[in-house]
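Q: How does one read the surroundings of a bound ligand in a model such as this one?

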Amino acid sequence: MLNKLKNNKVPKHIAIIMDGNGRWAKKQGMARIFGHRNALTAVREAVIGASEIGTEAITLYAFSTENWSRPKIEVDALMNLLTKSLKKEVPDFQKNGVKVNAIGRLNDLPKRAQQTLKEVIDVTKNNTKIILTFSLSYGSREEITSCIKKIAEKVKNSTLSINDIDEEIVQQNLYTYNLPDVDLMIRTSGEQRLSNYLLWQMAYAELYFTDILWPDFRREDLYKAVETYQNRERRFGKTSEQLDGEHEQIT
Ligand code: IPE
Ligand code: IPE
Ligand code: MG
């Protein structure tokens, strides 16, 4: 499968809505948290797979602003799992050149999770193979609202003039200021919605939905998504003929 992929059309940035842990557990008569615990292998596989094909950035939806409304027992279990797994993965991050990053309302996370996250981000900061971003207490509307506040503050203290506000300025004030736009978005578990994820950054992303439940996701599934992506024509508003012309000029 890997050798079927074209290396001139690799998505620079892949975002994944990792969905279906609860259903995966329920299918086996287990509690939802069992599904979350078994999601770790899928995370590793996705990161290694993306890194193998030369993707620069992979961003994972791990916990949304809306997920705080889940039962406290599940929220607590998820936060503990996050802290424990992040620590455990450090040797592999180092071995595989993974630079860890996080986006979202990180101050809302329990102190221990915040501390671990800070440490892991710090020890992996010089890695250059791939940037792995965890979205934690993340919601796109919250991100855009906080971006507007940051820009308004700059206008208020006269470090920015209204006329200079453009798409570039907006991008620089989002949590993802250091990441390229999303090229490919994958959502598992058969749901076909964005659930408040990276709305600005996915403006021109290719969307890929699969019925696989997240704990069953493996690198072959990622390659399949990338193969589909490579067979799509990204026109960015232009016509197909225009793109053919551009292609001829390059080759
Ligand atoms: C995704 O799986 C993980 C998180 C949202 C934290 P779910 O927990 O949403 O699993 P389903 O959708 O209920 O099966
Ligand atoms: C989206 O999944 C959030 C994460 C994967 C972390 P949800 O399972 O929470 O989304 P909805 O509620 O079904 O849209
Ligand atoms: Mg879900």
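A: A polar contact is a pair of N or O atoms within 3.5 Å; within protein, one must be able to donate a hydrogen and the other to accept it, and residues adjacent in sequence count only if both atoms are side-chain atoms. Here, an N or O atom in the side chain of aspartate 19 is 2.9 Å from an oxygen atom of ligand 1. For arginine 32, a side-chain N or O atom is 2.7 Å from an oxygen atom of ligand 1, and arginine 23 places a backbone N or O atom 2.8 Å from an oxygen atom of that ligand.

Q: What should be known about the model and its numbering?

A: This is a predicted model: local features need pLDDT of at least 70, side-chain atom pairs count only at pLDDT 80 or more, and totals for chains, interfaces and linings use all residues. Residues are numbered from 1 along each chain as its sequence is written, chains are lettered from A and ligands numbered from 1 in the order in which they are written, and side-chain values use heavy atoms, with hydrogens and water left out.

Q: Which polar side-chain atoms lie by an oxygen atom of ligand 2?

A: Arginine 193 has a polar side-chain atom 2.8 Å from an oxygen atom of ligand 2. The corresponding distance is 3.3 Å for arginine 70 and 3.4 Å for an N or O atom in the side chain of arginine 187.

Q: How much of ligand 2 does the protein bury?

A: Accessible areas come from the Shrake-Rupley method with a 1.4 Å probe; for residues, only the protein chains shown count as cover. Taken alone, ligand 2 exposes 390 Å², of which the protein buries 78%.
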